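Biologist: Before we go through this model together, I would like to look at the sequence and the structure. Could you put them up, please?

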Amino acid sequence: KNSVKAMEKELVTCSLQGKEKAVLKRSQIFQILGRKDLDTKVIVVLGKAGMGKSILVQKICQDWSNGEFPQFEFVFWFDCKQISLPEKRYSLKDLLLEFFIKPQEGSKEIFEYILQNPAKVLLVFDGFEGLHDHENSPRCSASQPEKDLCSIKELLSGLIQKKILSGCTLLLTARPKDKVYQYVSKVDKTIEIVGFSPQQRELYITKYFEGLPCCDNALKLIKECEYLFSHCYSPVMCRFVCFLCETVLEMGDESLPSTLTTVFLKFVQQKIIPMQTDVTAMQNQESLATLARIAWYLGEKHQSAMKSDLLPSKEVKEFALKYGFFLPFAFPRHSDSGEEEFGSTFSDFVIQNFLGALHLMLAEEIKDKSLTKYLSFPSKKKKPYNWLDLVPRFLAGLLFLQDDPYFCSLSNKDVKQSTKKQKTLLKYIRRLQINELCPERLLELLHCIYETQSNYLLQHVALRLKPDLSFLGVVLTPPDVHVLHSILKKSRKEFSLDLRNSSIDMQGLKDLAGLKNVASFRASLSDTVKLWKSLEQTKDYELLRASIEKFVLDPFKAKTMKDITDLSDLVEMQEKMINCVQDASDCSSFEIPAIKNLRKLEFALGPVCGLQGFLKLVEILAAFPSLQHLDLDALSENGIGDEGAESLSEVFPTLKSLETLNLSQNKITDVGAEKLATALPFLSSLKTLSLYNNSICDFGAENLAKVLPAMASLRVLDVQYNKITGVGAQQLTDSLRKCPHIKNLVMWNPTIPYGVLEHLQQLDSRISV
């Protein structure tokens, strides 16, 4: 269990730190550096629902059929939500040559060829989470896994465990929150689809309306509704918004709904009402309520598909298919029975979420008091409904729309019951300890409140936000930024925001940094520098100056070469900013406050890039006039060695404010110690110097001993776990007598005889054993 948690934590770290967003061609997906073995290769494509994972795998199949990816002679694509339904047992041959496609002849020969050439086979499992919901992954226990009958889950498990078709390539798609790594011990490559940029949103909308009379007005109308435009970062949401915009413009309206709930209420109404008569209205209401119940109960089981014969009635099935809520599909004939079965799947995850919320609103058995358990911001002990992650937002929105004529047209339920449910939500939110919510739950609450469009609730939450808001490592999507921005704007407090490793886009960073009541913010250095360069190009000097003054860097921890490069870019930026931010008369005094106020800098690049990165860091150290703490002690050991120590000693005269210098565990020998000792007196403010666990011998100790009297500010020196013998220890002790200002000398070394060290400690109590 702990190893699973460690793997997931590692994935989050890797995906957010030191990685740039990049455009990846489909041809690059299967390029895995350093893999030449015949082992099964596992590639995972992550992305929120609606990001286009299914479209991507369909395009891969299409590319292959057009002659690309020649390394694969066979490509098999499976929609997991469909193949997970039949509770039957299949062999690998059934899975490949019955489920996917049935050859007209030669099945046996084709299957034998596949078994002998697994490296030429690509298996795509789209929607991997559909096969592994709440359950533990079943082990494949078949004695002849290629030929024995197994469940679909056991077959997939055998492929992943490399018991079946070892050497093939597996491409799995899944949502980021789903625990793929619980079932896949080794992933060779992880790709995450992040959605459309603002420019791509505009391009999609323009293409959607291309050739239509309303083409010119559509983009303008959508962009005016900033909240809906922010949701267009998701391809599936972009399609919904475009469809609705088209309908609105055809009807002659001039505005779009302001929330997701009203968008989907109108979407459903536009589907049903135009074809509805008084006779069918009541029947449609009943069918919709039944469909909503199905949406909720399937969602609770992390499913979106079901066998068609399990639908409660022919009327519901026809209703769902007629209005596009369901899509039909056929299960393949089973090799031994020849039966054909049919299934139905919700046409879209958002539709299923909306209908699920509608069920919670309409169901008489769900009392008002139990409604709050379906929201995603309960105490940490309660498990949120992550799979139907839009339900809480739609539910909150619907609770404040019970008088809406569109809502009334979908329901024949008692409005009083809905009013009671609304009051329950109000009471629940009033009791919430908003300032104690973790970032993810806080964002969910903000989305729910925004959907209500209740001024009272918006103000209530805005007043109770804590002034220090950290979203460190929490992915902030464009809609997240929009609701956060709109609620912060309503508060009279001043806020400090931490947006590091949040994948926030430039527009979002610009909006939040530009808020008057955001007093300070932290963000990725590269994103911040890009923002400033963009503001410089657009000559938005007022916002440029404000964001520069608000930006905070202290303390800064460098973990990758990119961090060092970004820090160098920031220092370089300071020179460039002088001309456009300061008045000409005051140019020479301009400093970026974040650079001027940096007090603590930690360096943890590890042994591979340690020296290279440190030499680059040393070049800019002089730019930080207030630097008090320089820490080079990392668990992975940076190993800057004597070359790094020498390079650092050369800039000591510029580090006037440095009080703590930690060079522990850096493979420094006598050579480096001598270089350091020569320059140490220049560090006029140094109080603590740690050289713990290096390779310093007596010659190095002697050089340090010579300069100690000249280091008037020094209070603590740590040289333990080096290679100093009794000779070097004696020299340091003799020097210590001339240094009344030093309070502690930590000197235990395995090479100093214990009796010698004990004797020296008796001579001077400031020596620590």
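Biologist: In which helix is aspartate 563 found?

Modeller: This is a predicted model, in which local features need pLDDT of at least 70 and side-chain atom pairs count only at pLDDT 80 or more, while totals for chains, interfaces and linings use all residues. Residues are numbered from 1 along each chain as its sequence is written, and side-chain values use heavy atoms, with hydrogens and water left out. Helices (DSSP runs of H or I, at least four residues) and strands (runs of E, at least two) are numbered from the N terminus. On that basis aspartate 563 belongs to residues 561–581, which is helix α24.

Biologist: Which side chain of opposite charge is nearest to aspartate 563, and how far away is it?

Modeller: A salt bridge requires a side-chain nitrogen of Lys or Arg within 4 Å of a carboxyl oxygen of Asp or Glu, and for charge Lys and Arg count as positive, Asp and Glu as negative, with His and the chain ends not counted. Aspartate 563 is buried (under 20% relative accessible area, where exposed is over 50% and partly exposed lies in between, with a 1.4 Å probe and protein chains only). It has no salt bridge, and the nearest side chain of opposite charge lies 5.8 Å away, that of lysine 562.

Biologist: Which backbone nitrogen lies 2.8 Å from a polar atom of the side chain of aspartate 563?

Modeller: Leaving aside neighbours within four places in sequence, aspartate 563 is in contact (heavy atoms within 4.5 Å) with Leu525, Phe556, Lys557 and Ala558. The backbone nitrogen at 2.8 Å from a polar atom of its side chain is that of lysine 559.

Biologist: How many salt bridges does the structure hold, and how far apart are the closest N and O atoms of arginine 26 and aspartate 63?

Modeller: The structure holds 15 salt bridges. The pair of arginine 26 and aspartate 63 links distant parts of the chain, 37 residues apart, with arginine 26 in the loop between α1 (2–16) and β1 (41–46) and aspartate 63 in helix α2 (residues 53–65). Arginine 26 is partly exposed, at 29% relative accessible area, whereas aspartate 63 is buried, at 6%. The closest N and O atoms of the two are separated by 2.6 Å.

Biologist: What is the N to O distance between lysine 220 and glutamate 224?

Modeller: These two residues lie four apart in helix α8 (residues 215–224), and are therefore separated by about one helical turn. Lysine 220 and glutamate 224 are both exposed. Their side chains meet in a salt bridge, with an N to O distance of 3.0 Å.

Biologist: What is the N to O distance in the salt bridge of lysine 314 and glutamate 318?

Modeller: Lysine 314 and glutamate 318 are again four residues apart, about one turn, in helix α13 (residues 314–322). Lysine 314 is exposed at 60% relative accessible area, while glutamate 318 is partly exposed at 46%. The N to O distance is 3.9 Å.

Biologist: Which residues touch the most other members of the largest nonpolar core?

Modeller: A nonpolar core is a set of buried Ala, Val, Leu, Ile, Met, Phe, Trp, Tyr and Cys residues joined through side-chain atoms within 4.5 Å. Leaving aside neighbours within four places in sequence, leucine 355 is in contact with residues including Leu288, Phe325 and Phe346. Apart from the largest core lies another, of 32 residues, among them Cys80 and Ile114. In the largest core, of 185 residues, those touching the most other members are Phe264 and Leu355.

Biologist: Which cysteine has the sulfur nearest to that of cysteine 214?

Modeller: The structure holds zero disulfides (a disulfide being a pair of cysteine sulfur atoms within 2.5 Å). Cysteine 214 is in no disulfide, and the nearest cysteine sulfur is 6.6 Å away. Cysteine 214 is buried, with a relative accessible area of 14%. The cysteine that holds this nearest sulfur is cysteine 245.

Biologist: What is omega, approximately, for the peptide bond that joins aspartate 554 and proline 555?

Modeller: Proline 555 is placed in the loop between α23 (541–550) and β12 (556–558). The bond joining aspartate 554 to proline 555 is cis, with omega about -10 degrees.

Terms used: Polar contact = N/O pair within 3.5 Å; in protein donor to acceptor, adjacent residues only side chain to side chain.
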